[in-house]
Amino acid sequence: LAADGTAKVTSRVEVPLGFVTATPIRPGAPEAVKFLDIMGNEVSPKVGQPTLIEIPVSNADTTRSVTTDVIIVFYDANNVPVGLAYGRITLGAGASDTARVGWLPNLAGTFTARVFFWDLAKKLPLSEQPLLLTVTVQ
């Protein structure tokens, strides 16, 4: 300040707005999940048929991008794991996209699938709880 009280130096501070959350991944509703064949057509999963599982996801963290490992574990009626699928997606800050996970069903039946979103490198969950799906394989 000058002797007369006027400012001699001005400064500008920019503060980014947003929030950081420990579990930023928000999966879409179970009914939004799609099963596709290798040509991109929506299908019902079949034993031995390569299948692409599409899961809508969003990053609730508006300050950073997040890379998440998408782990799908398939369970039979006795809650025994009978299948596994894995994928990975990077979402920009506040962005939404579709995680795509390849899967080759090896058993017919109706299964519960739990879709986990994790940072495997840091051993941290990135969603509050897994997305639950019921999957019927012909």
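Biologist: What makes β4 and β7 a pair, and in which sense do they run?

Modeller: This is a predicted model, to start with. Pairing takes at least two bridges, and β4 and β7 have seven, in the antiparallel sense, so they count as paired. One of the residues involved is V73, whose bridge partner in β7 is R114.

Biologist: And how do you know that β4 pairs with β5?

Modeller: By the same kind of check: the bar is at least two bridges, and 10 join β4 to β5, so that's a pair, with the strands running antiparallel. F74, for instance, has G83 as its bridge partner in β5. Five residues lie between the strands in that hairpin, where N79 takes a positive phi near 65 degrees.

Biologist: Why is β4 described as largely enclosed by the rest of the structure?

Modeller: Because nine of its 10 residues are buried.

Biologist: Take D69, then. Why is D69 called buried?

Modeller: Buried means under 20% relative accessible area, and D69 comes in at 2%, so it qualifies. D69 is found in strand β4, residues 66–75.

Biologist: What makes the link between the side chains of D69 and Y86 a polar contact?

Modeller: The cut-off is 3.5 Å for a suitable pair of N or O atoms. The D69 and Y86 side chains are joined at 2.3 Å, so the distance is within the limit. Leaving out residues up to four places away in sequence, D69 also touches others, including R88, F116 and W118.

Biologist: What about T51, buried or exposed?

Modeller: T51 is buried: its relative accessible area is 3%, and the limit is under 20%, so the label fits. T51 is in strand β3, residues 51–59. Beyond its neighbours within four places in sequence, its contacts include F35, P45 and W103.

Biologist: How far is a polar atom of the T51 side chain from the backbone oxygen of Q49?

Modeller: 2.9 Å, which falls within the 3.5 Å cut-off.

Biologist: Which residues touch the most other members of the largest nonpolar core?

Modeller: I55, V70 and I72, out of 25 residues in that core. The elements giving two or more residues to this core are β3, β4, β5, β6, β7 and β9. I72 touches, among others, I53, I55, L84, V101 and V115, not counting residues up to four places away in sequence.

Biologist: Is there a general tendency behind such cores, and what is it?

Modeller: In soluble globular proteins, nonpolar side chains tend to be buried together.

Note on methods. Residues are numbered from 1 along each chain as its sequence is written. This is a predicted model: local features need pLDDT of at least 70, side-chain atom pairs count only at pLDDT 80 or more; totals for chains, interfaces and linings use all residues. Side-chain values use heavy atoms; hydrogens and water are left out. Helices (H or I, at least four residues) and strands (E, at least two) are DSSP runs, numbered from the N terminus. Buried means under 20% relative accessible area, exposed over 50%, partly exposed in between (1.4 Å probe, protein chains only). A polar contact is a pair of N or O atoms within 3.5 Å; within protein, one must be able to donate a hydrogen and the other to accept it, and residues adjacent in sequence count only if both atoms are side-chain atoms. Contact means heavy atoms within 4.5 Å. A nonpolar core is a set of buried Ala, Val, Leu, Ile, Met, Phe, Trp, Tyr and Cys residues joined through side-chain atoms within 4.5 Å.
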